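Trainee: I would like a close look at a single part of this model, set in the context of the whole. Please take it step by step.

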Amino acid sequence: MLEHLFFPESVAVIGASRQPGKVGHDILANLVKGGFAGEIIPVNPSGGTLFDLKVYPSLREYPGTVDQAIVAVPKPHVLATVRDALAKGAGNIIMITAGFKETGSEGAELEAELTDLCRRNGARLVGPNCLGLLNTKNHLNSSFAGSLPRPGRIGVFSQSGALCTSILDLAEGRNLGLSKLISIGNKADINEDHMLEYFAADPDTDVIVGYLENIVAGDSFIKTATDTCSVKPVVILKSGTSQAGQKAAASHTGVLAGADTAYGAAFKRSGVIRADTFESLFDYATALSMQPLPKGDRVLIITNAGGPGTMAADAVEHAGMTVAELETNTATSLREKLPAAASVGNPVDVLGDAPPERYADALLAAQSDDSVDAIIVILTPQAMTDPRETARRIARSIDGSKPVLASFMGGKEVLPGRQELTAASLPDYESPERAVAALKVMYQYATWKNRPPRVVTRFRVNRRRASRIVSRNISNGIFQLNESKAKKILDAYGFNILPGRLITSAEEAMEYARGIGFPVAMKIVSQDIIHKSDMGGVKLHLATVQQVRDAFDLMMMRILQQVPNARIEGVYLEKMADPGLEIILGMSRDPQFGPMLMFGLGGIFVEVMKDVTFHLAPITQEEAIQMLKSTRSYGILEGKRGQKGVDIPAIATGLQRISQLTTDFPQIMELDINPFIVGDIGTDPIVADARITLARPIEGKRN
């Protein structure tokens with residue numbers, strides 16, 4: 001059905017106006033001027049002719065059938081107009097008219113009625129509140145945007161019609177070709193999943209570009225996007241955040257995990273390349289559509305000026321890639337062709353007086369060197385520089401084995417060269433940093449495509465025991481589980497929990513401490529006190545019976561002074577853990593994408609630096625390791641600079657166990673293990689403190 005959307009044989013424009021500047025007029029003009037070869041049927045109550053086409057007062061008066069109906073009529077006439085189009089066999093309705101769910105409940109009701117009408121009649125609906133669509137393959141411009149762009153290999157879908165016009169303007173300015181473009185508006189029917197599926201199979205599209213403000217269904221999107229990215233690169237600019245994700249959170253994980261973080265985690269899981277700016281959206285798409293993916297991260301820089309070369313080298317390292325080193329034989333051979341003052345290190349400096357041949361020699365050498373995976377060519381305008389001929393020689397020298405990205409820096413002087421690069425399908429950027437950024441996403445996408453098969457480990461656990469604890473507390477109206485209850489659930493899922501229990505008196509505390517052995521830790525237990533340390537509700541390293549008694553009495557007194565109305569259940573007394581590295585493991589459940597796992601180091605790393613990373617559950621061992629590696633503090637785990645390393649696979653296993661637990665129990669909304677104490681390789685990490693938040697039952701439903 002979507003094939004007919006882009007390749008109709010007949011198109012009706014309902015609301016075709018004689019007045020230029022009116023939407024109905026501009027759509028009809030675009031269809032005619034674009035050269036669409038199918039039948040165009042203008043509809044307007046006044047009849048007559050327009051663009052030498054007969055205008056029908058009503059679509060009912062048209063004698064034939066229509067494939068596609070573009071509706072640009074006032075909102076009160078929408079349903080009657082669509083009924084006429086459906087009666088004429090229209091399989092696709094493009095609803096340009098606005099004023100639906102974006103305006104409130106009344107508009108939402110009308111949109112639902114419109115959608116239901118189309119579905120009952122087997123038609124697909126684009127919009128409402130959209131710009132339309134275009135297809136350069138058959139010169140179809142069913143939109144009120146500008147003229148058709150030049151044909152290309154980039155397919156575009158956008159939730160914003162205004163952004164579509166900006167994309168078309170940018171494509172024209174960069175002389176960039178598009179295959180198809182569609183504005184999906186309110187997404188009453190056709191949404192991002194449908195467009196990803198369509199473009200994945202579209203033989204005219206190599207790279208998919210999207211703009212989204214929200215996603216209809218998280219699980220469906222991840223599956224569809226994963227399937228699509230396995231075939232073609234997808235670059236999406238995502239703006240806005242879900243109101244549902246902006247909730248009060250009791251845990252570190254919940255505080256740090258916003259809706260935007262969830263989208264980032266979903267994109268990472270599914271292979272989608274996320275663009276943070278409109279500029280980067282097409283920086284990335286241009287490179288992906290014009291050049292092959294790199295086989296590795298080793299980048300060679302060719303430049304005619306030292307400063308820009310250094311800028312590029314810095315950008316490569318900051319991007320987490322490697323500044324390549326030419327093989328000895330390659331460097332020796334290249335040195336024979338370049339002037340004595342030239343550098344054959346990296347950057348390869350061909351000097352300011354470099355003629356086009358010098359660039360070609362360096363490029364050919366880099367392409368033949370197995371130690372180079374990608375090449376960035378920089379040119380700055382100098383008195384001896386010939387940007388146009390240099391661009392031509394670069395284009396003729398490329399063999400397609402490795403990605404080559406250019407940065408012809410400057411304005412008017414380098415413009416002829418930039419035009420030659422574009423004509424030769426070579427991506428060119430105004431700065432080396434933008435070229436490196438595009439190359440980085442190419443490398444990341446290549447790495448994602450070559451990822452090992454996802455194997456999610458299922459650990460042997462006591463799910464029934466955990467279920468009893470969860471169900472009992474929800475039934476009793478308890479949704480903030482204290483440390484004792486949280487640790488019982490974690491113990492059922494294989495976490496290492498030291499001996500400990502809930503204590504209600506000083507005498508009981510003293511007796512229990514003797515039984516488990518010193519030193520012990522004591523923590524207040526109250527659903528009204530979330531941050532125990534701030535209230536003096538934590539005492540560590542208690543080494544004698546007397547210290548236990550004194551700590552209990554003092555804690556109770558101070559807590560009641562500070563929070564007189566707090567409901568205190570007692571204290572949690574447990575064996576002190578051996579020293580180790582303190583980290584945080586957690587989960588926050590996103591309403592769209594489900595459990596989001598978090599990892600971070602404790603202390604200032606999470607409180608001040610916000611050095612944390614997120615990943616959607618379920619998670620594999622490899623993905624868990626990659627989570628750890630993506631933090632700035634990973635070197636501390638490895639034990640660099642004379643420090644002893646910790647058991648990294650044990651941390652990854654902890655993340656996997658949380659993944660299994662929170663996947664098994666959708667009732668768990670938030671979970672924090674803080675701190676999770678990790679020691680030497682081969683030792684079991686310890687859950688020193690934990691907190692779990694359960695979902696409140698939906699009214700009228702039992703758990």
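Trainee: How much accessible surface does the protein have, and what share of that surface belongs to carbon and sulfur atoms? After that, please look closely at the packing of α12 with α13, and go on from there to other places along the chain.

Mentor: The model is a predicted one. The accessible surface of the protein is about 29,700 Å², and carbon and sulfur atoms account for 50% of that surface. The C-alpha trace spans about 100 × 80 × 40 Å along its principal axes. The protein has 703 residues, of which 56% are buried. It contains 24 helices and 30 strands. Taking contacts between residues at least 6 apart in sequence, 72% connect residues at least 24 apart.

Now the part you asked about. Two packed helices are described by the angle between their axes and the distance between the axes. Helix α12 covers residues 328-337 and helix α13 covers residues 356-368; their axes are 10 Å apart and make an angle of about 170°. An angle over 145 degrees counts as roughly antiparallel, and α12 is therefore roughly antiparallel to α13. On the α12 side the contact is made by Thr330, Leu334 and Lys337, and on the α13 side by Asp361, Ala362 and Ala365. Sorted by class, these are 3 nonpolar, 1 polar and 2 charged residues. An α-helix has 3.6 residues a turn, so residues three or four places apart point the same way.

The loop after α13 leads to β18 (374-379), and Asp373 is in that loop. Asp373 counts as buried because its relative accessibility is 8%, and the limit for buried is under 20%. Apart from neighbours within four places in sequence, Asp373 contacts Pro294, Lys295, Gly296, Asp297, Arg298, Lys402 and Pro403. Thr322 is 51 residues from Asp373 along the chain, and the C-alpha atoms of Thr322 and Asp373 are 9.7 Å apart.

Helix α2 can be used to check the length of a helix. With 12 residues (23-34) at 1.5 Å a residue, α2 should span 16 Å, and its end C-alpha atoms are indeed 16 Å apart, so the two values agree. The buried residues of α2 are Gly24, His25, Ile27, Leu28, Ala29, Asn30, Leu31 and Gly34. They pack against strands β1 (10-14), β2 (39-43), β3 (49-50), β4 (53-54), β5 (68-71) and β9 (140-143). Gly35 follows α2 and has a positive phi, near 90°.

Two of the strands just named, β3 and β4, are joined by a loop that holds Asp52. Phi of Asp52 is positive, near 60°, although the residue is not a glycine. Asp52 has a relative accessible area of 79% and is therefore exposed.

Lys187 also has a positive phi near 60° without being a glycine. Lys187 is in the loop between β11 and α6, and its relative accessibility of 6% makes it buried. Asp189 is in the loop between β11 (178-183) and α6 (192-201). With a relative accessible area of 7%, Asp189 is buried. Leaving out neighbours within four places in sequence, Asp189 contacts Arg119, Ala123, Arg124, Leu125, Gly127 and His194.

Further along, two peptide bonds that lead into prolines deserve a note. The bond from Phe518 to Pro519 is cis, with omega near -5°, and Pro519 is in the loop between α19 (506-516) and β22 (520-526). The bond from Ala617 to Pro618 is cis as well, with omega near 0°. Pro618 is in the loop between β27 (612-616) and α22 (621-629).

The last stop is Glu638, a residue of helix α23 (634-638). Its relative accessibility of 38% puts Glu638 in the partly exposed class. Beyond its neighbours within four places in sequence, Glu638 contacts Gly645 and Ile648. Ile648 is 10 residues from Glu638 in sequence, and the C-alpha to C-alpha distance for this pair is 7.7 Å.

How values were computed
Residues are numbered from 1 along each chain as its sequence is written. This is a predicted model: local features need pLDDT of at least 70, side-chain atom pairs count only at pLDDT 80 or more; totals for chains, interfaces and linings use all residues. Side-chain values use heavy atoms; hydrogens and water are left out. Axes are lines fitted to C-alpha atoms, for helices over the stretch in contact, and angles run from 0 to 180 degrees between N-to-C directions. Helices (H or I, at least four residues) and strands (E, at least two) are DSSP runs, numbered from the N terminus. Angles under 35 degrees count as roughly parallel, over 145 as roughly antiparallel, 65 to 115 as roughly perpendicular and the rest as oblique. Contact means heavy atoms within 4.5 Å. Ala, Val, Leu, Ile, Met, Phe, Trp, Tyr, Cys and Pro count as nonpolar, Asp, Glu, Lys and Arg as charged, and the others, Gly among them, as polar. The expected span of a helix is 1.5 Å times one less than its number of residues. Buried means under 20% relative accessible area, exposed over 50%, partly exposed in between (1.4 Å probe, protein chains only). Accessible areas come from the Shrake-Rupley method with a 1.4 Å probe; for residues, only the protein chains shown count as cover.
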